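Here's a quick briefing to read alongside the structure. Take a look at the fold before going through the points.

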Amino acid sequence: MGIHYDYKSQRGERAVLKKAKREARLAARRAKRKNIKTDVNTESVMHDIQKPITLEDLTNPDNKK
C-alpha cells in the first residue's frame, strides 16, 4: 500500500503556494507603481526661450527637441 493523498493532507502546501503567488502579485504592483512615479518626475525638454516659436517647431514630428 502506498501513501494516499487527499484534500486535507495537501492543505499546507496549497497555502504556501497561494502566499507565494500573492507576494509575487504585490511585488509586481509595487514595481509598476514605482515605474509610474519615476516617469511622472522626468523633466521634458523645453523650447529655447530666446528663440521664437515657429509653425515648423509645433508641427514637425521629426523634431526631437
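What follows covers the overall make-up, then a charged patch, then one loop residue.

Keep in mind that this is a predicted model. The protein has two helices and zero strands, and 0% of its 65 residues count as buried.

**Overall make-up**
- The exposed surface of the protein comes to about 7,100 Å².
- Carbon and sulfur atoms supply 57% of that exposed area.
- The two helices are H1, covering residues 11-41, and H2, covering 55-59.

**The positive patch and Lys-21**
- Lys-18, Lys-19, Lys-21, Arg-22, Arg-25 and Arg-29 together form a positive patch on the surface.
- Lys-21, one of the patch members, sits in helix H1.
- Lys-21 has a relative accessible area of 58%, and the cut-off for exposed is over 50%, so Lys-21 counts as exposed.

**Ile-53 in the loop**
- Ile-53 lies in the loop that runs between H1 and H2.
- Buried or exposed: which is Ile-53? Ile-53 counts as exposed because its relative accessibility is 56%, with the line for exposed drawn at over 50%.
- Which residues does Ile-53 contact once neighbours within four places in sequence are left aside? Those partners are His-47 and Leu-58.

Methods. Residues are numbered from 1 along each chain as its sequence is written. This is a predicted model: local features need pLDDT of at least 70, side-chain atom pairs count only at pLDDT 80 or more; totals for chains, interfaces and linings use all residues. Side-chain values use heavy atoms; hydrogens and water are left out. Helices (H or I, at least four residues) and strands (E, at least two) are DSSP runs, numbered from the N terminus. Buried means under 20% relative accessible area, exposed over 50%, partly exposed in between (1.4 Å probe, protein chains only). Accessible areas come from the Shrake-Rupley method with a 1.4 Å probe; for residues, only the protein chains shown count as cover. Patches are made of residues with over 30% relative accessible area and no salt bridge: like charges are joined within 9 Å, nonpolar side chains (Val, Leu, Ile, Met, Phe, Trp, Tyr) within 5 Å. A salt bridge is a side-chain nitrogen of Lys or Arg within 4 Å of a carboxyl oxygen of Asp or Glu. Lys and Arg count as positive and Asp and Glu as negative; His and the chain ends are not counted. The place of a charge is taken as NZ of Lys, CZ of Arg, CG of Asp or CD of Glu. Contact means heavy atoms within 4.5 Å.
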